[in-house]
Amino acid sequence: MSGDRVLDELTVHQLLGRIVYFHVLLIAPDLPAADRGPASGPACCQHRAHSSRFVDAAPESSVWGALLEVSAELPDHHRPCPRTSGMCCAACRVTSAASAVGSGWAAAEHRAYHQRLPEPGFLDACGRAAASRVGRVFAAQYATSCAALDRLTAEPPAPEELPGVDELPLTGELLALWADPAATTQAPVASWLNHCTGLGDVRRVLESRRTPS
């Protein structure tokens, strides 16, 4: 996001609503059955060191709770604080959830379109990019600081490490929309996705767009 502009509440609702819409309609039906809960990740700022300013409103009590719910359906990618509680750094919780969405969506799309394993580090790059971009919006909205988020934004993945909408449309759009939400929310990056009802539809559209007529 350019500068430190705080997005209006309606725009944040639109952004998060688009995540929920695509996850429920396209990603979730294609996910393998989970046989375990998420593994723990690093401790959040609040539990590692008191280096963040605690946000009074927990994410699940606001529209941001939708992001937490989506990440909970991606246990292979979600890495919450091992001491998850109401005292966790709110920004850490949001960035952790966003990372799960970024890497989880990339894994689901890659499996559906390519039928092979992605390159090493690819899913991690998608997760870090999503965490950084979504986290910046949350931190700006609540005027909070987070050391972990600062580290993420200081060392973003290189553009060539990330997929575009012509490679992984859902993940590519997610990353593009949150890169500068104020500029793009009124014009979805890949509007043809609105006419797809499954990852199979997305794959067929991709194949038709890549095949000269």
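Which residues line the largest cavity? I opened this notebook with that point and worked outward from it. I note at the start that the model is predicted.

**Entry 1. The cavity.** I looked up the lining and found Leu15, Arg18, Ile19, Phe22, Trp105, Leu170, Glu173, Leu174, Leu177 and Trp178 around the largest cavity. I recorded about 60 Å³ of space inside this cavity. The search for cavities of 30 Å³ or more returned a count of one. I then sorted the lining by residue class: eight residues are nonpolar, two are charged and none is polar.

**Entry 2. The elements that supply the lining.** I asked which helices each bring at least two residues to the lining, and found α1 and α7. Helix α7 gives the most, with five residues.

**Entry 3. Helix α7.** I located this helix at residues 169–179. Is it mostly covered or mostly open? I found it mostly covered, with nine of its eleven residues buried. I listed the buried residues of α7 as Pro169, Leu170, Thr171, Gly172, Glu173, Leu174, Leu175, Leu177 and Trp178. Leu170, Glu173, Leu174, Leu177 and Trp178 are on this buried list, and I had already met these residues in the lining of the largest cavity.

**Entry 4. Helix α1 and Leu25.** I turned next to helix α1, which spans residues 9–27 and holds Leu25. Why does Leu25 count as partly exposed? Its relative accessible area is 28%, and this value is between the 20% limit for buried and the 50% limit for exposed, so Leu25 falls in the partly exposed class. I checked its partners beyond four places in sequence and found that Leu25 touches Cys196 and Thr197. I also noted Gly198, which is 173 residues from Leu25 in sequence, while the two C-alpha atoms are 6.7 Å apart in space.

**Entry 5. The whole protein.** I then stepped back to the full chain. I counted nine helices and zero strands, and along the sequence I read the pattern α-α-α-α-α-α-α-α-α. The protein has 213 residues, of which 46% count as buried. I looked up the contacts with a separation of 6 or more and found that residues 24 or more positions apart account for 80% of them. For the accessible surface I noted about 10300 Å², with 53% belonging to carbon and sulfur atoms.

How values were computed
Residues numbered from 1 in each chain as written. Predicted model: local features only at pLDDT ≥ 70, side-chain atom pairs only at ≥ 80, totals over all residues. Heavy atoms only, no water. Helix = DSSP H or I, 4+ residues; strand = E, 2+ residues; numbered from the N terminus. Buried < 20%, exposed > 50% of the residue type's maximum accessible area, 1.4 Å probe, protein only. Contact = heavy atoms within 4.5 Å. Areas by Shrake-Rupley, 256 points an atom, 1.4 Å probe, with all protein chains shown as cover. 1 Å grid on protein atoms, 1.4 Å probe; cavity = no way out; pocket = protein on both sides within 12 Å on 5 of 7 lines; lining within 4 Å. Points joined across faces, edges and corners; volume = space filled by probe spheres on them. Nonpolar A, V, L, I, M, F, W, Y, C, P; charged D, E, K, R; others polar.
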